[in-house]
Amino acid sequence: MKNRLIAPSVLSADFGNLQRDIEMINESQADWFHVDVMDGRFVPNISFGFPVMKSIKKHAKKFIDVHLMIVEPEKYVEEFVKEGADLVSVHYEACVHLHRTIHQIKDLGAKAGVVLNPSTPVSVLEDVIADVDLVLLMSVNPGFGGQKFIENTYKKIQQTKELIEKYNSKALIEIDGGVNQHNAAKLFEAGADVLVAGNAVFSAENPAAMIEELKK
């Protein structure tokens, strides 16, 4: 059975009622918490850092998937793992020494993921695909929620699957950006294992019901 994991993005939650939204995810059919960290340098936006991460960990009862959209991620990986990250993903485009950073994350006891921007070809992962636990394909340009899904993502899922099979990797494929009830089934069918959903979940009248719909 293929994985069909849903990871609601905390970035789209109501920060005035963060505990309420975290508890909604805990009680829903969601599988992971997705935590987007932005520094205003790698991407043109700033999200949050360790104090918010600490609050998420305090209340979250599910796997915490941290996506670092920051320059020099190797400087902050240890702190994010210490604050509760079960998986840390770093951008290929932000890592000068990607292999070293992947193993730094794993040595800290967390799972390691690599993220590709929409314009970055999958082929760049050839030398690290066997080392990673997850490949996150951005299906929008990172930095802001609510963007339109980039259709070329389906082709990149297929290319990632081929690379995983070629090197006998156990990496999961995660999709982030523009995921909603209209494309979730197609993404799972194409080979995605994990779908990040922000606006689709938190702007829904019934977020828990939307999570259930995405999963189905």
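**Exercise 1. Work out how exposed K106 is, and which residue K106 bridges to.**

Start with the area: K106 has a relative accessible area of 30%, so it counts as partly exposed (buried is under 20%, exposed over 50%, partly exposed in between, with a 1.4 Å probe and protein chains only). Bear in mind that this is a predicted model, where local features need pLDDT of at least 70, side-chain atom pairs count only at pLDDT 80 or more, and totals for chains, interfaces and linings use all residues. Residues are numbered from 1 along each chain as its sequence is written, and side-chain values use heavy atoms, leaving out hydrogens and water.

Next, the partner: K106 forms a salt bridge with D133, with 3.2 Å between the closest N and O atoms (a side-chain nitrogen of Lys or Arg within 4 Å of a carboxyl oxygen of Asp or Glu). K106 sits in helix α4 (residues 98-107) and D133 in the loop between β5 (111-116) and β6 (134-138), so the pair ties together parts 27 residues apart in sequence. Helices (H or I, at least four residues) and strands (E, at least two) are DSSP runs, numbered from the N terminus.

Finally, D14, R20 and D21 are joined into one network by salt bridges that share partners.

**Exercise 2. Find the residue that K215 bridges to, and say which parts the pair joins.**

The partner is D31, and the closest N and O atoms are 2.6 Å apart. K215 belongs to helix α8, while D31 is in the loop between α1 (18-27) and β2, so the pair ties together parts 184 residues apart in sequence. As for D31, its relative accessible area of 23% makes it partly exposed. In total, the structure holds 9 salt bridges.

**Exercise 3. Trace the sheet from edge to edge.**

Read off the order: the 8 strands run β1-β8-β7-β6-β5-β4-β3-β2 in an open sheet with parallel pairing (two strands pair if DSSP finds at least two bridges between them). The edges are β1 (5-8) and β2 (32-38), each pairing on one side only. Now zoom in on one pair: β7 (residues 172-176) and β8 (residues 194-197) pair over 3 bridges, and D176 stands opposite V196 in β8.

**Exercise 4. Locate V66 in the nonpolar packing.**

The largest nonpolar core has 63 residues, and V66 is among those with the most contacts inside it, as are V35 and I56. Such a core is a set of buried Ala, Val, Leu, Ile, Met, Phe, Trp, Tyr and Cys residues joined through side-chain atoms within 4.5 Å. Apart from it lies another core, of 11 residues, including V140 and V194.
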